[in-house]
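Let's take a friendly walk through this model, with an eye on charged pairs, a pocket and a helix. Keep the structure open beside you as you read.

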Amino acid sequence: MNSDEIWYWLALKQIPRLAAHKKVALVEKIGIRALFTLPQKELKELGLTLLQQTAILHPDVQKIDQIIASAKQCCQLITYQDEAYPRLLKQIYDPPLLLFYRGNISLLKERQIAIVGSRNASIAGRETASLIARELSQQNLTVTSGLAIGIDGAAHRGALAVSGKTIAVVATGLDRVYPSRHRAMETDIINLGGLVISEFQPGVQPKPGNFPKRNRLISGLSEGVVVIEAEIKSGSLITARCALEQNRDVFAVPSSINNPGAKGCHHLIKQGAKLIESAADILDELDFPQVSGHINMNEEKGEKNCQQDLFIDPLLASVGYETTPVDTVVSRSKLPTDEVLTRLTMLELRGLVSAVPGGYLRLNRG
C-alpha cells in the first residue's frame, strides 16, 4: 500500500470517540480517500459528532507526517485493507486500523497458537512453555506471545530453538524494546524469520493501559491461547477472556495445587478450558494434522532419558516437578542428609535438578 493510503488511515485513526469497527464501516461504505473529501453536511448526516467532523475536515497534518517519518526510522506499516492484514484479526470487535511491524510480515497469514503466562513463572513453568512452543513449531505452527519475561520469553525461545517461527506482539512503539533485557531476543526473532508487531506508533511508552490492548491482539491473531502459570488477577487471564470473546479456543496447563501461580489455570479449567499436557492435546482439539514423528519422538526420547537417569541415580525420583524441600528428599530416599546433599549437587551439575528457594526442582529433559 502506498504512503498516501497510509496517510489517510492514520488520519482515520485520529478521529476521536469512534470505535474501530465503525471507522472500518465508514471506509467500506464510502472509501478511505472519499471520506476525507465529504462536505460537513454529509458528515453530519452520517451521524458523526462535531468533534469527529472537524477531525475529518481538518486532519492533524503535522502529527500524521511525524508518525510516518518516525516509522520510517524503525519499522514498516500495513493497514486494515492491506493484503497482508490477517484474516482472523478482522473478525474481532475492535481490530487495529494499522499495524507497525519489523520482520517477516507473511507470518500473519500463518496458523498461530498463542502461549501466555506469568512474568514470575517458575522454572518448571518456563520449561513447559519452551517445550510446548518447540513441539508446536515442529508441527509448522507459528508461536505468538508478548515478549514479556517469564512464560512469554520462554515460548519465543522454544520456537527459535528448533528454527520455528514466532511473533511478538508488543505494547510499545517499535522504536523501543520492553522489557529492555529482551532486546537481544527481539533481534533474534527478526533475524531468524520471525515478526514483531504493534498497534502503537513509535514513541509510545509501556503504559499499563497498553497491555490489555496488546493482549486482545495476541488472542485475536491466534486460533487458540495456551495459558501456563497465571494468577487469578493477571494479564494472562485477560488474554484468555479476550480469546473467549473472540470465539478462540483456550487451553490451560495444570500444576501443583500448592503453586499460587497455577490458580488462574485451574480456574480456567473449571470454567471449561481444555486441560493440556503437550502440544499433541492442542493439535487434537484443533483437528490439525500432525507432521509425522516429531512429537512422538520427543516423548520417546524423554522417557528413555528419564529411565536412564533413574537407573543411574534413584535419588532423582525423590525430587518433584514442584519445589521439593531437602528434608522431603531425605524422607523419600531414606538416605543420610549429607549423602542427599552431595547427590543433589551432582544432579544439578548434570542439569537434572535445579536449586530453587525452598529446595530443589526436577527438570524435564526432553
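## A charged network

D94, E199 and R216 are linked in a network of salt bridges. Please keep in mind that this is a predicted model. Within the network, R216 pairs with D94, and their closest N and O atoms are 3.1 Å apart. This salt bridge links distant parts of the chain: R216 sits in helix α11, while D94 lies in the loop between α7 (87-90) and β2 (98-103), 122 residues apart.

How exposed are the two partners? R216 counts as buried because its relative accessibility is 10%, under the 20% cut-off. D94, at 29% relative accessibility, counts as partly exposed.

## The second largest pocket

Two members of that network turn up again here. The second largest pocket is lined by 20 residues, and those nearest its centre are K13, E199, F200, K213 and R216. The elements that each give two or more residues to this lining are α2 (20-30) and α11 (210-221). Of the contributors, α11 gives the most, with three residues.

The space in this pocket comes to about 470 Å³. What is its lining made of, by class? There are nine nonpolar, three polar and eight charged residues.

## Other salt bridges

How many salt bridges are there by this rule? The count is eight. One of them joins E5 to R33, with the closest N and O atoms 2.8 Å apart. The two residues come from distant parts of the chain, E5 from helix α1 (residues 3-13) and R33 from helix α3 (residues 32-35), 28 residues apart. E5 has a relative accessibility of 15%, so E5 counts as buried, whereas R33, at 34%, counts as partly exposed.

Another salt bridge pairs E285 with K274, where the closest N and O atoms are 3.7 Å apart. Here helix α14 supplies E285 and strand β9 (residues 274-275) supplies K274, 11 residues apart. Both partners count as partly exposed: E285 has 40% relative accessibility, and K274 has 35%.

## Helix α14 and its buried side

Which residues of α14 are buried? In this helix (residues 279-286), they are A279, A280, I282, L283 and L286. Because these residues cover an arc of only 160° around the axis, they lie on the same side of α14.

Just after the helix comes D287, which has a positive phi, near 55°.

Notes:
Residues numbered from 1 in each chain as written. Predicted model: local features only at pLDDT ≥ 70, side-chain atom pairs only at ≥ 80, totals over all residues. Heavy atoms only, no water. Buried < 20%, exposed > 50% of the residue type's maximum accessible area, 1.4 Å probe, protein only. Helix = DSSP H or I, 4+ residues; strand = E, 2+ residues; numbered from the N terminus. Arc of directions from axis to C-beta. 1 Å grid on protein atoms, 1.4 Å probe; cavity = no way out; pocket = protein on both sides within 12 Å on 5 of 7 lines; lining within 4 Å. Points joined across faces, edges and corners; volume = space filled by probe spheres on them. Nonpolar A, V, L, I, M, F, W, Y, C, P; charged D, E, K, R; others polar. Salt bridge = Lys/Arg side-chain N within 4 Å of Asp/Glu carboxyl O.
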